[in-house]
Amino acid sequence: MGETSSTAAESVDRARSLLRRARRVVALTGAGVSAESGVPTFRGQGGLWRQYRAEDLATPAAFAHDPRLVWEWYGWRRGVVSGCAPNAAHAALASAAAAHDDFRIVTQNVDGLHVQAAQHVRAMPLELHGSLYRSRCTRCDHRWDDRGTIDATSRETLPRCAACGMLARPDIVWFGEALDPSVLGEAMRLAENAEVCFVIGTSALVHPAAGLADLTRRHGGSVIEINVADTPLTPTATVSVRGPAAAIVPDLLAS
Ligand code: BV8
Ligand code: ZN
């Protein structure tokens, strides 16, 4: 059982001192870090789109069955997210990563807000599940930045690969798909070597991402959780701080 400190002030102090003393930090973020930027989370109130759940649409089977509907969903999300800006949590994490090479950001999010906030960092944030702003071919290995609007009126208007003409797909890891082995391998190496895994705004339900904090703990590091609610990670976290990321994260990282 993690010794989650009793009072909020104690947990904030404990988290701040752990972060101050640590050199190698991995910030592992989920949809909650972008909630205050207006990006709907997966499992919160705004998490639904029409009558669909993410698990229903973010799958290879859903895309094979109805690529038009899946592209319509991603087109809607790209539209929503392109109107969102990084918040104070993204900015504080980007500053920490710019100041310390061993402070790395690993995100489950596909909203691109960590990349947008990153400035002068040598190591860009690792996007475990891909990005809304990249597409790839369903046949060849062509992959491209794609920030445009999606015309999902019919199969004929869906995005196609410029190299071979085949139907394009979002460059996003769907449920049941393996993560890019080089990205996952680097994330695991970082988590194993981290003195602190700083887990921000994730329900800790989706694997293998949710297992990264356990890697840090099993290799002797500490786990700090920032969330507005308890998660499956809370009982084993070294300290779990209740509160919104955009307020808590800048406070903890303030030098
Ligand atoms: C794989 C891209 C194997 C899509 C995503 C049992 C049954 C079926 C499947 C499985 C199973 N057990 C494990 C699996 C596998 C599955 C999985 O984990 N399923 C879960 C749901 C049980 N995992 C996979 O399929 C992965 N692949 O296992 O492949 C394999 C191996 C080899 C070869 C072939 C196959 C792939 C997983 C990737 C799926 N893709 N995203 C898209 O975005 O369209 S995951 C998706 O969920 C998002 O990326 C998101 O990041 C992720 C997790 O959600 P969260 O980020 O945590 O967001 P959520 O809304 O859930 O929570 C928000 C949190 O923030 C909450 O805790 C809330 O309290 C908090 N919060 C809210 N506001 C704030 C806040 N905190 C702070 N401040 C605030 N203001
Ligand atoms: Zn192609």
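I began with aspartate 151 and found a polar contact of 2.3 Å between its side chain and that of threonine 153. I keep in mind throughout that this is a predicted model. Aspartate 151 lies in the loop that runs between strand E5 (143-145) and strand E6 (168-172), and I list aspartate 151 as partly exposed because its relative accessibility is 39%. Once I set aside the neighbours within four places in sequence, the contacts of aspartate 151 are with Thr157 and Leu158. I also looked up glutamate 72, which is 79 residues away from aspartate 151 in sequence, while the C-alpha to C-alpha distance between them is 7.8 Å.

**Zinc site**

I turned next to the zinc ion (ligand 2) and noted its coordination by the SG atoms of Cys137, Cys140, Cys161 and Cys164, at 2.3 to 2.4 Å. Read along the sequence, the donor residues of this zinc ion follow the spacing C-x2-C-x20-C-x2-C. I entered the arrangement as tetrahedral, because the 4 donor atoms around the zinc ion (ligand 2) subtend angles of 97 to 125°. For orientation I wrote beside this that the ideal angle for four tetrahedral donors is 109.5 degrees.

I then asked myself whether cysteine 137 and cysteine 140 count as buried or partly exposed. Cysteine 137 has a relative accessibility of 4% and therefore counts as buried, whereas cysteine 140, at 25%, counts as partly exposed.

**The sheet E5-E4-E6**

I followed cysteine 137 into the sheet, where its bridge partner in E6 is alanine 168. Strand E4 (residues 130-137) and E6 run antiparallel and are joined by 4 bridges; on the other pairing, E4 and E5 are also antiparallel, over 3 bridges, and here I noted arginine 143 of E5 as the bridge partner of arginine 136. Taken together, the strands make an open sheet of 3, in the order E5-E4-E6 and with antiparallel pairing. E5 and E6 each have a single partner strand and stand at the edges, so one side of each has no neighbour in the sheet. I recorded an average turn of 40° between neighbouring strands of this sheet, with direction ignored. Helix H4 (residues 67-82) packs on the sheet, where it touches E4 and E6, and its direction makes about 140° with that of E4.

I checked how far E6 is covered, and found that 5 of its 5 residues are buried.

**Serine 135**

Still in strand E4, I stopped at serine 135, which I list as buried because its relative accessibility is 0%. Its side chain makes a polar contact of 2.8 Å with the side chain of aspartate 146. Leaving out residues up to four places away in sequence, I found serine 135 touching Trp71, Arg78, Arg143, Trp144, Asp146, Arg169, Pro170 and Asp171.

**Threonine 107**

For a second polar residue in a strand I looked up threonine 107, which is placed in strand E2 (residues 103-107). Threonine 107 counts as buried because its relative accessibility is 2%, and its side chain is in polar contact with that of threonine 29, at 2.7 Å. Beyond four places in sequence, threonine 107 touches Thr29, His114, Leu126, Glu127, Leu128 and His129.

**The loop between E7 and H8**

What is the peptide bond from histidine 207 to proline 208, cis or trans? I found it to be cis, with omega near 0°, and I placed proline 208 in the loop between E7 and helix H8 (212-218). Alanine 204 is found in the loop between E7 and H8 as well, and has a positive phi of about 55° although it is not a glycine. I marked these entries for attention because most residues other than glycine have a negative phi, and most peptide bonds are trans. Alanine 204 has a relative accessible area of 10% and so is buried.

**Helix H9**

Last, I went to helix H9 (residues 245-253) and noted Ala245, Ala246, Ile248, Val249 and Leu252 as buried. What covers the buried residues of H9? I listed helix H1 (8-21) and helix H5 (88-99) among the covering elements, together with strand E7 (196-200), strand E8 (222-227) and strand E9 (239-242).

Methods. Residues are numbered from 1 along each chain as its sequence is written. Chains are lettered from A and ligands numbered from 1 in the order in which they are written. This is a predicted model: local features need pLDDT of at least 70, side-chain atom pairs count only at pLDDT 80 or more; totals for chains, interfaces and linings use all residues. Side-chain values use heavy atoms; hydrogens and water are left out. Helices (H or I, at least four residues) and strands (E, at least two) are DSSP runs, numbered from the N terminus. Buried means under 20% relative accessible area, exposed over 50%, partly exposed in between (1.4 Å probe, protein chains only). Contact means heavy atoms within 4.5 Å. A polar contact is a pair of N or O atoms within 3.5 Å; within protein, one must be able to donate a hydrogen and the other to accept it, and residues adjacent in sequence count only if both atoms are side-chain atoms. Donors are N, O and S atoms within 2.8 Å of the metal (3.2 Å for Na, K and Ca); water is not among the atoms, so sites may look incomplete. Four donors count as tetrahedral if all angles lie between 85 and 135 degrees; four count as square planar and six as octahedral if opposite donors are over 155 degrees apart and all others between 65 and 115; anything else is irregular. Two strands pair if DSSP finds at least two bridges between them. Axes are lines fitted to C-alpha atoms, for helices over the stretch in contact, and angles run from 0 to 180 degrees between N-to-C directions.
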